[in-house]
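Please find below a colleague's note on the packing and the charged pairs of one model. The coordinates come first, and the points follow.

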Amino acid sequence: MSSNKIVVLGAGVIGLTTALALSNDSSNQITVVAKHMPGDYNIEYCSPWAGASFFPVGKPGTQHADWERDSWYALKELAEKNPEAGIHFQPLKVYARRKDEGTATGNWFSALVQKDPWFKDVVDDFKEIPQDQLARGIHNGSQFTSVCINTTVYLPWLLGQCRRNGVTFKRATVKHITEAAHMHHSSQKADQVVNCTGLSSMTLGGVLDDTLYPIRGQVVLVENDPGSMYTVSGCDDGDDEAVYMMTRGAGGGTILGGSYQKGNWGPTPDPNLSSRIMKRAIELCPDLVGKGQGIEGLNIVRHGVGLRPVRENGPRVERDRIDGLLVVHNYGHGGFGYQASFGCAATVVGLVNEARLEKHQAKL
């Protein structure tokens, strides 16, 4: 078969990982077109604001869980063999409270905090925390070795790996998905467009997905190191507020979170929410600050807000044809983009190859 000209639309973690996976086939000629690129900080660009880590939240037996499982092995290998990617191993402690069942955050973390989870035989060092070591109100706890990603290092690293494989990057704003087909670096029309635009698929012509909505996440980045990552199924400050902390690799500081605010587009950090986030983190891990200190003991780097691209029926990873153009969608990953990125990219590679083969056979 002849070369396959592909435009990947979007340069967040999903777009970059997808482009990288596709570029492993030298017959694919790939152009990434995006409004925002690694190094940008914008409310429209979710990836830099992520923690980012491996907190599996896919329900057992689902494709979501399969994507996370497959991505774990890829992230683990990067942490072991590619320190320049900005990923390192971190212990993670997970706590569940019965009172959080049915809340926004409780539902979000339900697969993560359940006893005997599907991923216990996937991650390293999984074990249940004995009941006599759990604080009052915690009915279940576990710990295992996870990873944490310094997004400011990892996103440029992904871009660099793509460049090494011959991928071309163009900064542009696309109003209709068919426009992207005419932005291939060859100046010829692309054979396929891969749509990795996240929340922008709500307004992207030809897609206009009205099942997408934002889940607002607010975080505080601090210099303090808790020595472990932590998460709890919820908190008492509201069912759309969360408790988690994760220390990024390569000196990236510690992310304190957070919130899970459905339909909230607010780009500006709420100082009252920031205060609650920091107080909850110290309550969960007093060693985060000096003895007897409160939030004044936190060395704040910045406050951040990101909008998770959530889709009612889960991520859209499927083939489509729009005005005669072959399209593969890969968007709507909510707060699990990093930890499902490699699994979803592998699915996209299969769909792209499937469409390419059908097109070739139709010509015979």
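The numbered points treat the basis of the values, the nonpolar cores and the salt bridges.

1. This is a predicted model, in which local features need pLDDT of at least 70 and side-chain atom pairs count only at pLDDT 80 or more, while totals for chains, interfaces and linings use all residues. Residues are numbered from 1 along each chain as its sequence is written, and side-chain values use heavy atoms, without hydrogens and water.

2. The largest nonpolar core (buried Ala, Val, Leu, Ile, Met, Phe, Trp, Tyr and Cys residues joined through side-chain atoms within 4.5 Å) comprises 71 residues. Buried denotes under 20% relative accessible area, exposed over 50%, and partly exposed in between (1.4 Å probe, protein chains only). Val 8, Ile 87, Leu 112, Tyr 154 and Val 194 have the most contacts inside this core. A second, separate core of 21 residues includes Cys 235, Leu 256, Met 278 and Leu 288.

3. There are 22 salt bridges (a side-chain nitrogen of Lys or Arg within 4 Å of a carboxyl oxygen of Asp or Glu) in the structure. One of them joins Asp 66 to Arg 69, at 3.1 Å from N to O. Because these two residues lie three apart in helix H2 (residues 63-81), about one helical turn separates Asp 66 from Arg 69. Asp 66 is partly exposed at 32%, and Arg 69 is partly exposed at 29%. Helices (H or I, at least four residues) and strands (E, at least two) are DSSP runs numbered from the N terminus.

4. Arg 311 and Asp 209 form a salt bridge of 2.7 Å, N to O. This pair links distant parts of the chain, 102 residues apart: Arg 311 belongs to strand S13 (residues 300-311), and Asp 209 to the loop between strands S7 (192-195) and S8 (212-222). Both Arg 311 and Asp 209 are buried.
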